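I opened this notebook to record what I looked up, entry by entry.

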Amino acid sequence: MALNNLTENAERLSRRIQESFQERTRDLTKSSQASYLDANDLDKTVNLSKLLDSSSEREKLDGLKRIIAMISKNRNVSAYFAQVIKNVASPNLEIRKLVYIFLLRYANVEPDLALLSINTFQKDLADSNPLIRAMALRVLSGIPVPSIASIVAAAIRKCASDSSPYVRKASALAIPKCYNLDTTHLPVLMQTLSTLLRDRSPLSIGSVAIAFNAICPDRLELLHQHYRRLCRIIADVDEWGQVQLLELLTRYARKMLTRPPPLNNEETAEETLGKAESEDHSLDPDLGLLITSALPLLHSRNPAVVMAVSRTIYYAGPTRERHKIILPLLRLLHSSKEVERVTLENLRIIAQDSPELLQPHIPRLYVRSTDITQVKQVKMRILAASITPDNAQDLLREFKDYVVDTDDKLVADAVWAIGQCALKAPDLGSNCLSALTMLIRSSNDAAVAASVLALNSLHQHRLSTSSGPGTSNVVASLASHFDSISHPDARACIIWMVGQYARTSGPARTPMLESLRDIEPWVPDILRKAVKSFKSDPSAVKLQTLTLAAKAFVLASSHEQIRLLARYVFSLAKYDLDYDVRDRGRFLSSLLTGVNGGISGVSGGDQQDPEVQEGVVLRAPQVIHVLFEGKVAPKDEDRWKSGPQDLGTASLITGIAMQGDYLRQLPDWPDEGTDSSLRDTQDDTPTPFYSQPSLKLAGFGSESIATSSRPGSTLATPVALTPGGSTPSSSVPKPGLVKAQYMDLNAFFASDEEASDSASEGEETEGEMEQTEHRTKTTDPITTPSAPLTVAEAEPSVTEKQQSSPQVQESDEEYTDEESDEEDAFLRRG
């Protein structure tokens with residue numbers, strides 16, 4: 001009988017093992033083949049309803065996995081909402097997870113059906129599993145129905161005091177969702193947020209910072225009591241929580257703390273590194289706590305954390321600490337293409353504001369042939385902003401190599417950077433000019449156009465600083481290449497330069513007509529060529545051609561050919577398709593009315609007498625002043641500068657203001673920071689050493705130790721155990737008592753006379769000393785048993801101390817190793 005039962009149990013166990021093995025094998029097969037995510041499987045919807053309605057948990061799980069796989073492929077499975085939601089109370093944890101995911105995806109599609117599961121979620125908030133509680137709150141707050149906002153607020157308040165930090169984290173993340181449902185619950189949410197701010201768990205404090213930035217970013221006064229604790233705990237927070245927490249603490253520092261001391265303009269950052277310790281007293285201690293806590297995070301593996309720390313140190317830290325963010329940012333350049341682009345944009349802002357920080361690391365920012373166009377442009381901006389007389393020679397060689405690149409944008413930027421080298425390093429001006437002049441003969445239109453623009457800008461800067469020679473040579477060189485240049489911007493630039501510097505600066509080098517004595521020799525020829533191609537030129541070239549015609553006419557109004565060219569080009573401008581060209585033509589023709597009869601009458605109507613003209617009529621000197629004077633040289637350093645942008649903002653990448661950037665705008669430093677006592681807490685106050693119960697030593701016996709001091713009584717001074725003939729009860733001498741011989745410094749530093757007197761008396765007292773040593777040995781506690789000796793018994797009287805003072809002094813002088821061993825044994829016994 002027993003054998004049959006054993007056989008049946010063995011067979012039953014074998015079948016269960018075989019079934020379990022088959023099920024596990026099937027799961028592994030599905031996982032390896034990725035059948036749920038197979039793009040060629042067009043029959044995923046077959047029997048899904050049957051699987052969801054099945055009584056088997058395995059089939060339900062199989063059906064839910066298929067549905068979630070279709071959701072990942074953006075297929076609409078909202079038709080199964082009712083069948084999925086009825087499994088929300090399943091005891092299987094995996095099924096409930098998948099149902100929660102489905103509800104978060106389609107709660108806004110079927111909000112009425114989603115309300116049917118609210119009771120289940122409320123029950124799940126009291127589940128013993130913290131994962132279930134957190135997921136229930138997450139799904140409950142994700143239902144976009146404003147009528148349940150009060151229920152969500154109550155659930156958030158309940159979970160805010162949960163024992164699990166994971167649930168408290170979910171509670172913090174649910175606060176912004178509830179606020180978006182109904183803003184009238186802000187007071188309740190603020191109370192919950194205040195409760196969560198006191199949380200000491202690093203797991204949830206990052207989510208609390210997210211909630212704070214979402215519903216009350218300007219209520220920074222709520223952080224007074226939590227500021228120092230948040231600074232200390234920031235290293236233990238999760239990575240994305242560190243980003244939010246650093247942003248919050250940075251805004252708090254900029255609004256509540258005192259501005260750090262500025263860097264002296266006469267000193268560089270390297271010179272001030274040695275003065276950091278001496279200047280720490282001028283830095284706000286709370287601000288120093290933030291910087292000290294944030295600096296270790298520069299070594300984080302998350303690029304977002306490194307960028308957040310860099311933003312904090314750059315905008316909230318002292319100037320002498322800024323150099324510490326450069327190497328961590330350069331390390332991010334090797335992470336990925338996306339991270340490299342974002343990091344370079346932030347380095348560009350640093351290069352524009354503080355170029356000295358990047359000068360030691362310029363070689364790491366050179367352009368590579370494998371870089372994308374956007375990265376090349378950003379690197380060129382950084383290199384151009386970092387030009388100094390010390391590194392201009394190296395950068396000039398680098399820019400000359402970029403000129404032959406196949407990317408036209410990089411070529412234009414490199415040519416412009418060569419002009420910047422000439423401006424920032426005057427010693428290299430001749431080399432830069434020769435390089436730009438050679439580029440005019442290049443076959444690359446982009447290089448030619450950029451070189452012409454750079455020469456124009458460089459020429460204007462030179463004239464604005466000093467009227468040195470060489471003006472005519474530069475303009476003549478550009479005018480000689482006018483026929484070979486086809487780029488519209490370059491042609492317009494040459495025409496403008498010919499007109500702007502059309503007046504002769506000295507005696508004519510070639511014989512000229514009397515009517516052309518005030519004009520450069522190349523001006524009429526350039527005007528003729530520009531008028532000839534006026535019909536086919538772009539609008540930018542047409543505008544400059546009209547200006548050149550007006551300038552040439554006012555300088556040589558008596559020259560018949562120039563008058564005819566001006567009349568012809570103004571006639572063409574009157575019927576041009578571009579309204580800007582038409583307006584420029586009418587303006588200039590009206591301006592020239594008082595110059596030798598004007599040309600306004602030839603552009604369509606009869607010429608009128610200047611005295612009959614309505615309005616103000618300017619004479620020729622006044623027109624010359626209007627057309628030639630008051631030209632301001634352009635600022636080349638502003639070519640690549642954009643509007644005010646901050647580190648870590650999305651507008652650096654997009655180039656336009658983004659929606660969330662206003663939240664990241666840092667406030668200005670206050671004139672005077674808030675009182676530091678507002679941030680004082682019990683954690684910041686050190687506990688005194690003697691405020692805790694301490695042991696009281698009364699002697700050396702078993703009854704000499706008391707466990708604690710009695711209430712209301714003063715603490716006894718600790719006993720100092722020292723070798724010698726007598727042991728004091730306190731290290732502090734009591735009033736009315738004479739110092740022991742081993743503490744009498746006056747006797748130790750006695751004069752030579754006293755020493756000689758004591759030496760003469762030593763012979764008389766030698767016998768007495770031997771008797772004293774004999775008595776001491778016979779009464780030694782090691783050999784003679786006695787009762788425990790207390791401090792009071794061991795303390796000699798004042799009279800005895802005074803009488804035995806000379807003997808004790810002499811005995812101390814003859815202190816031997818044997819007596820030292822005896823006293824050590826005595827102390828061990830005590």
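The entries below concern a helix contact, a nonpolar core and aromatic pairs.

I worked from a predicted model, in which local features need pLDDT of at least 70, side-chain atom pairs count only at pLDDT 80 or more, and totals for chains, interfaces and linings use all residues. Residues are numbered from 1 along each chain as its sequence is written, and side-chain values use heavy atoms, with hydrogens and water left out.

Entry: helix contact. I looked up helix H20 (residues 373-385; helices are DSSP runs of H or I, at least four residues, numbered from the N terminus) and helix H22 (residues 408-424), whose axes come within 10 Å and cross at roughly 0°. H20 is therefore roughly parallel to H22 (angles under 35 degrees). Among the residues making the contact (heavy atoms within 4.5 Å) are Met380 of H20 and Ala414 and Ala417 of H22.

Entry: Phe399. Beyond its neighbours within four places in sequence, Phe399 contacts residues including Met380, Ala414 and Ala417. Phe399 is also one of those touching the most other members of the largest nonpolar core, which has 198 residues (buried Ala, Val, Leu, Ile, Met, Phe, Trp, Tyr and Cys joined through side-chain atoms within 4.5 Å; buried means under 20% relative accessible area, with a 1.4 Å probe and protein chains only). Helix H28 (residues 539-555) gives this core its largest share, ten residues.

Entry: aromatic pairs. I found seven in the whole structure (ring centres of Phe, Tyr and Trp, its six-membered ring, within 6.5 Å). Phe81 and Phe102 form a tilted pair, 5.7 Å centre to centre with 45° between the planes (tilted is neither under 30 degrees nor over 60). Phe81 lies in H4 and Phe102 in H5, so the pair ties together parts 21 residues apart in sequence.

Key
Axes are lines fitted to C-alpha atoms, for helices over the stretch in contact, and angles run from 0 to 180 degrees between N-to-C directions. Helices (H or I, at least four residues) and strands (E, at least two) are DSSP runs, numbered from the N terminus. Angles under 35 degrees count as roughly parallel, over 145 as roughly antiparallel, 65 to 115 as roughly perpendicular and the rest as oblique. Buried means under 20% relative accessible area, exposed over 50%, partly exposed in between (1.4 Å probe, protein chains only).
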